Amino acid sequence: MKRAETGKAGAAPLDAVVIGGGPSGLAAGTHLARAGYTTILIERKALGGQARGLERIENYPGFPRGVSGLKLMELWLEQAWRWGLKTKIDEAVTVSRGTDGIFLVRLRKGGVIRSRSVLWCAGAGFRKLGVPGEDRLLGKGVWNTCDEAPSCAGLDAAVVGSGETAVQQAELLSRKAARVYLISRTEKLKAHKLLLERFARSSAAALPGYRVNRLLGKNKLEALELISVSGPREVKKIKVDALFTLIGKEPAEVPAGWRRKPAGFYEAGDFSAGIFRQVAVAGGDGIRAAMRCIRYLEAM
Ligand SMILES: Cc1cc2nc3c(=O)[nH]c(=O)nc-3n(C[C@H](O)[C@H](O)[C@H](O)COP(=O)(O)OP(=O)(O)OC[C@H]3O[C@@H](n4cnc5c(N)ncnc54)[C@H](O)[C@@H]3O)c2cc1C
């Protein structure tokens with residue numbers, strides 16, 4: 001992996017720093033680097049973001065038979081590096097802007113990047129259930145996405161949520177797991193026709209009209225306590241080894257401390273996408289942010 005010149009006091013600031021190495025960040029960084037702007041991309045976990053963990057993406061244009069998320073992200077990364085985008089595995093812990101208009105991005109492993117602009121492409125995390133046992137069992141049976149979890153082959157798994165991500169995850173899990181439950185407060189699942197049809201054909205069981213009340217298990221998840229959301233109160237206990245909480249996403253705060261975003265600071269991808277969270281949308285949004293950023297840099 002290539003490394004960039006960073007944090008050198010006295011050296012000329014970079015043109016742009018991109019925070020987040022998912023589709024939006026890679027697309028933004030590639031666009032800037034190709035256009036000739038000195039750019040570094042900072043990623044705290046793995047380049048490719050969430051998309052790299054998707055087993056098969058069927059709706060990304062240009063791949064009639066679908067493509068693995070990892071393969072697609074490897075291609076994006078190859079293109080980014082080919083155009084000279086520098087990448088670094090680290091976490092941006094604070095962003096600030098000096099009176100001279102130069103941004104300072106402080107990194108967890110040490111060092112500060114000075115840059116004329118910042119593109120915040122940090123994605124969004126899944127909302128928590130906020131119930132007893134959730135924090136304690138995170139990573140011990142409680143997961144956000146399949147890529148974080150070990151294979152669920154032969155296990156009993158539950159997915160909480162009623163949207164497309166939850167329906168898709170439940171259907172995918174049902175191909176390997178022994179048993180899969182899809183738990184939702186609402187009766188109606190909010191996914192498009194194709195996903196609903198696949199779900200209906202799968203072995204996954206829908207449990208509508210329930211909320212998770214608490215997670216049970218000492219050192220690992222063992223069961224869920226569910227409570228009915230309407231009608232007479234009904235408490236149900238189901239044995240599960242894995243739980244995926246896919247109840248919507250929430251972008252984390254930009255660690256900046258400013259009230260109004262300054263000129264030269266851009267957001268893109270899942271971080272700012274509302275409900276339109278897709279690889280192609282994130283990539284396009286990253287490019288749009290990069291184009292705006294270039295206009296800003298040119299006018300500086
Ligand atoms: C289960 C599931 C199924 C999906 N299925 C599809 C599908 O079929 N088709 C489709 O098009 N899309 C799908 N998506 C959505 C798609 O993965 C996302 O829309 C896309 O990855 C968003 O890209 P992004 O760059 O905005 O964010 P992300 O991919 O989340 O990337 C953000 C990156 O920023 C990094 N980061 C965060 N904070 C910092 C920091 N402070 N410093 C450094 N790095 C940081 C994170 O580690 C992460 O790698 C699915 C998502 C999930 C979870």
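**A hairpin, two sheets and a ligand shell**

Q: Which residue in the turn of the hairpin formed by β5 and β6 has a positive phi?
A: Strands here are DSSP runs of E with at least two residues, helices are runs of H or I with at least four residues, and both are numbered from the N terminus. In this predicted model, β5 and β6 form a hairpin that has four residues between the strands. The residue in that turn with a positive phi, of about 110 degrees, is G110.

Q: What pLDDT do local features need in this model?
A: Residues are numbered from 1 along each chain as its sequence is written, and side-chain values use heavy atoms, with hydrogens and water left out. Because the model is predicted, side-chain atom pairs count only at pLDDT 80 or more and totals for chains, interfaces and linings use all residues, while local features need a pLDDT of at least 70.

Q: How many bridges join β5 to β6?
A: Two strands are said to pair if DSSP finds at least two bridges between them. β5 and β6 run antiparallel, and within this pair F103 stands opposite S115 of β6. The number of bridges that join the two strands is four.

Q: Which strands stand at the edges of the sheet that holds β4, β5 and β6?
A: Three strands form this open sheet in the order β4-β5-β6, with antiparallel pairing. Each edge strand has a single partner, so one side of it is left without a neighbour in the sheet, and these strands are β4 (92-97) and β6 (112-115).

Q: What is the average twist from one strand to the next in the sheet of order β4-β5-β6?
A: The sheet is open and its pairing is antiparallel. With axes as lines fitted to C-alpha atoms and angles running from 0 to 180 degrees between N-to-C directions, the twist from one strand to the next averages 20 degrees.

Q: Where in β5 is the residue that stands opposite S96?
A: β4 pairs with strand β5, residues 103-107, in the antiparallel sense over five bridges. In this pair, the β5 residue that stands opposite S96 is L104.

Q: What is the bridge partner of W143 in β16?
A: A further open sheet has five strands in the order β9-β16-β10-β11-β12, and its pairing is parallel. β9 (142-143) and β12 (205-208) stand at its edges with a single partner strand each, so one side of each has no neighbour in the sheet. Two bridges pair β9 with strand β16, residues 242-245, in the parallel sense, and the bridge partner of W143 is F244.

Q: How far apart are the centres of domain 1 and domain 2?
A: The bounds, which come from an automatic or database domain assignment, give domain 1 (16-124 + 251-299) and domain 2 (127-248). Each of these domains supplies at least three residues to the shell around the ligand. Taken over C-alpha atoms, their centres are separated by 31 Å.

Q: Which element gives the largest share of the shell around the ligand?
A: A residue is near the ligand if one of its heavy atoms lies within 4 Å of it, and of the 33 residues around the ligand, S24, E43, Q50, D270 and V279 come nearest. At least two shell residues come from each of α1 (23-34), β2 (39-43), α3 (164-174) and α5 (279-299). The largest share, three residues, comes from α3.

Q: How much of the accessible area of the ligand does the protein cover?
A: A polar side-chain atom of E43 lies 2.7 Å from an oxygen atom of the ligand, and a polar backbone atom of R44 is 3.1 Å from a ligand nitrogen atom; a polar contact is a pair of N or O atoms within 3.5 Å. By the Shrake-Rupley method with a 1.4 Å probe, the ligand on its own has 1000 Å² of accessible area, of which the protein covers 93%.

Definitions and conventions: A polar contact is a pair of N or O atoms within 3.5 Å; within protein, one must be able to donate a hydrogen and the other to accept it, and residues adjacent in sequence count only if both atoms are side-chain atoms.
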